[in-house]
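The following exercises introduce a structure step by step. Each task is followed by a worked solution.

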Amino acid sequence: MSSDQPRRDLILAANAGSSSLKITLFTTLDPEVAKERGRSVEFVLNCSISSIMSPPVKAVFKSRSSFDDKANKKEQDPGLGQEGDGRDKVKDHETAFQWFLGCLKEVASIDKERIGWVCHRVVHGGDYHDPVVITEESYHDIEHLSDLAPLHNGAALSVIQACIKALPNAKSIAYFDTTFHRPIPPHIASYAIKQEVAEKRGLKKYGFHGLSYSYILRAVAKHLGKPPEELNLIALHLGSGASACAIKNGESLDTSMGLTPLSGLPGATRSGAIDPSLIFHYTNRAGRITHDPKSAAHVGVSLAEEILNKDSGWKAMTGTTDFATISSKAELSNPDPTISSRNPNRLAFDLFVDAILNCIGSYHLKLEGQVDALVFAGGIGERSVELREVVGRRVRCLGYQRLDGERNGSADGSVEVVQVSEEGSEISLGVEGEQRKKRILVCHTDEQFEMANDCASDTSRWEKQHSSTG
Ligand SMILES: Nc1ncnc2c1ncn2[C@@H]1O[C@H](COP(=O)(O)OP(=O)(O)O)[C@@H](O)[C@H]1O
Ligand SMILES: CC(=O)OP(=O)(O)O
Ligand SMILES: [Mg+2]
């Protein structure tokens with residue numbers, strides 16, 4: 001590199017959600033420092049842009065203390081993003097990303113030319129095993145998978161496009177949610193359909209939120225002082241999209257999402273698992289292809305998929321996607337068993353708990369009771385004291401430690417891992433008398449860190465793969 005070229009020491013990690021874009025900037029650490037700190041990157045700045053499809057768009061900046069002044073002021077006074085700052089031009093993920101890059105200089109005095117690598121969270125990776133540099137070929141592969149993750153892959157692709165245009169000298173790398181779940185054994189990943197069709201069309205359980213589970217696994221291993229490969233966990237990633245994962249000896253054994261992120265637990269606008277026949281009874285136009293102009297990409301999804309992905313879940317049941325509002329209106333202290341037939345918020349809350357218990361119960365069995373911890377993560381998992389309290393009470397019968405009211409009440413996702421259960425004695429319901437403590441933990445998961453940390457751990461990998469600017 002010639003001396004007049006800018007220093008490329010920053011990694012940008014972009015996480016395109018269904019209606020949000022989370023962007024985090026990290027600086028790479030020298031190998032010596034990285035070894036000492038046990039990580040390859042240092043956090044610089046985070047920007048969460050939400051309500052992208054339903055203005056007014058919200059944007060919150062958070063920064064490391066050395067960058068504090070400007071960025072944290074923006075968080076307290078979100079003046080940036082109100083009229084006059086250009087936020088009104090944010091119409092989709094692509095314009096959201098462009099808006100962020102445009103603010104970078106003003107918010108944190110950072111020159112975008114310093115960004116050497118951009119990690120993109122791509123929810124559906126199909127048959128990709130590992131992260132891949134964006135080339136014409138990998139871009140089209142991801143595009144093909146858009147029908148299977150209609151809320152996500154299209155949005156990620158539009159950010160990738162915007163990034164290639166705005167940062168032509170940076171390497172764009174796709175990280176997949178599906179990678180973590182590749183070890184799921186065939187009898188758990190297969191559907192009971194004709195196997196020739198399944199194979200030809202790639203119809204199997206892929207599983208999602210893998211970047212989050214991978215982060216959780218490492219963080220919990222560090223917290224418990226146990227190697228990840230010896231850890232058995234039941235992890236719950238409960239956010240706008242929600243899933244559960246059984247982790248056995250550090251590998252995914254089962255997870256609740258399937259071929260697409262629609263299956264399993266319900267979410268903000270998603271139904272979760274339903275009887276597949278329901279779609280034919282919901283509307284007789286279920287198979288019609290829709291072209292929602294508000295969709296992040298022009299993917300061909302049927303009306304049924306549109307309804308189950310975007311017009312169901314908390315939004316459809318209660319009118320809000322905010323689980324805090326749902327909890328506060330659910331009259332949780334009312335023990336009347338008929339309350340949920342009168343209160344839609346209580347119905348949504350209890351239905352969510354029930355779906356979560358289905359997963360915990362079956363995963364507990366699959367792990368033969370040998371569970372080191374039940375871990376709550378994601379926006380709801382990290383912040384809903386009420387949900388943890390109810391689930392915590394229900395899993396006592398399986399030998400999980402009792403929830404500590406004070407610890408649970410103060411856990412808000414601000415600490416990487418915190419134990420919210422009492423120390424308690426070991427109760428083993430596992431096989432062969434093996435004892436595990438069955439703690440209940442809250443983990444502040446971070447998909448952007450997971451990508452950036454991996455990216456920086458060996459940047460020479462990316463040089464070998466040819467990137468595309470097309
Ligand atoms: N204090 C809170 N209590 C309960 N739920 C909350 C709270 N704060 C945020 N949430 C929930 O967290 C969700 C967002 O979670 P997050 O993991 O950030 O989702 P995603 O990454 O899928 O957009 C929101 O939709 C909201 O329902
Ligand atoms: C896979 C998925 O549902 O992701 P998210 O929760 O970020 O929407
Ligand atoms: Mg998310």
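**Exercise 1. Locate the residues that UniProt annotates as a binding site, and describe the surroundings of two of them.**

Step 1. An unreviewed UniProt entry places the feature "binding site" at K22, H237, L238, G239, S240 and G241. The positions are examined here in a predicted model.

Step 2. H237 belongs to strand β8, which covers residues 233–238. A residue counts as buried if 20 or more other C-beta atoms lie within 10 Å of its own. H237 has 32 such neighbours and is therefore buried.

Step 3. Leaving out residues up to four places away in sequence, H237 touches H209, S212, Y213, A242, S243, A377, G378, G381 and T445.

Step 4. G241 lies in the loop between β8 and β9 (242–248). Because 28 C-beta neighbours are found inside 10 Å, G241 is also classed as buried. Beyond its neighbours within four places in sequence, G241 is in contact with P261, G267 and R270.

**Exercise 2. Determine where the annotated active site lies and whether its residue is buried or exposed.**

Step 1. The "active site" feature, again from an unreviewed UniProt entry, is placed at D177.

Step 2. D177 is part of the loop between β7 and α6 (186–189).

Step 3. Since 27 other C-beta atoms lie within 10 Å, D177 is buried.

Step 4. The contacts of D177, not counting residues up to four places away in sequence, are R121, V123, G125, F208, H209, G210 and L211.

Step 5. Strand β7 itself spans residues 171–176 and contains S172. S172 is buried, because it has 26 C-beta neighbours inside 10 Å. The C-alpha atoms of S172 and A13 are 9.7 Å apart in space, although the two residues are 159 residues apart in sequence.

**Exercise 3. Describe the residues around the two ligands.**

Step 1. Around ligand 2 are G17, S18, V123, D177, F208, H209, G239, S240, G241 and P261. D177, the annotated active site, is thus one of the residues in this shell.

Step 2. Sorted by class, the shell around ligand 2 holds three nonpolar, six polar and one charged residue.

Step 3. Ligand 1 is surrounded by 15 residues, of which G239, S240, F323, A324 and G379 come nearest. This shell has four nonpolar, nine polar and two charged residues.

Step 4. Helices α12 (323–328) and α15 (378–383) each supply at least two residues of the shell around ligand 1. The largest share, four residues, comes from α15.

**Exercise 4. Check the length of helix α8 and examine its buried residues.**

Step 1. Helix α8 has 15 residues, 210–224. The expected span is 1.5 Å times one less than the number of residues, so α8 should span 21 Å.

Step 2. The end C-alpha atoms of α8 are 21 Å apart, in agreement with the expected value.

Step 3. The buried residues of α8 are G210, L211, S212, Y213, S214, Y215, I216, L217, A219 and V220.

Step 4. Just after α8, G225 takes a positive phi of about 65°.

**Exercise 5. Identify the central members of the largest nonpolar core.**

Step 1. This core has 114 residues, and I11, V220, A235 and V375 touch the most other members. Helix α3 (residues 93–108) gives the most to the core, with eight residues.

Step 2. V220, which is buried in α8, touches L231, L233, A373, V375, V417, L441 and C443 when residues up to four places away in sequence are not counted.

**Exercise 6. Which residues have a positive phi although they are not glycine?**

Step 1. Most residues other than glycine have a negative phi.

Step 2. S51 has a positive phi of about 55°, and E368 has one of about 50°.

Step 3. S51 lies in the loop between β3 (41–50) and β4 (58–63), whereas E368 lies in the loop between α14 and β13.

Step 4. S51 is partly exposed, because 14 other C-beta atoms lie within 10 Å. E368 also counts as partly exposed, with 14 C-beta neighbours inside 10 Å.

Methods:
Residues are numbered from 1 along each chain as its sequence is written. Chains are lettered from A and ligands numbered from 1 in the order in which they are written. This is a predicted model: local features need pLDDT of at least 70, side-chain atom pairs count only at pLDDT 80 or more; totals for chains, interfaces and linings use all residues. A residue is near a molecule or strand if its C-beta atom, placed from the backbone, lies within 6 Å of it. Ala, Val, Leu, Ile, Met, Phe, Trp, Tyr, Cys and Pro count as nonpolar, Asp, Glu, Lys and Arg as charged, and the others, Gly among them, as polar. A residue is buried if 20 or more other C-beta atoms lie within 10 Å of its own, exposed if 12 or fewer, and partly exposed in between; C-beta atoms are placed from the backbone. A nonpolar core is a set of buried Ala, Val, Leu, Ile, Met, Phe, Trp, Tyr and Cys residues joined through C-beta atoms within 7 Å. Two residues are in contact if their C-beta atoms, placed from the backbone, lie within 7 Å. UniProt positions are given in the numbering used here, feature names are shortened, and annotations may be inferred rather than shown by experiment.
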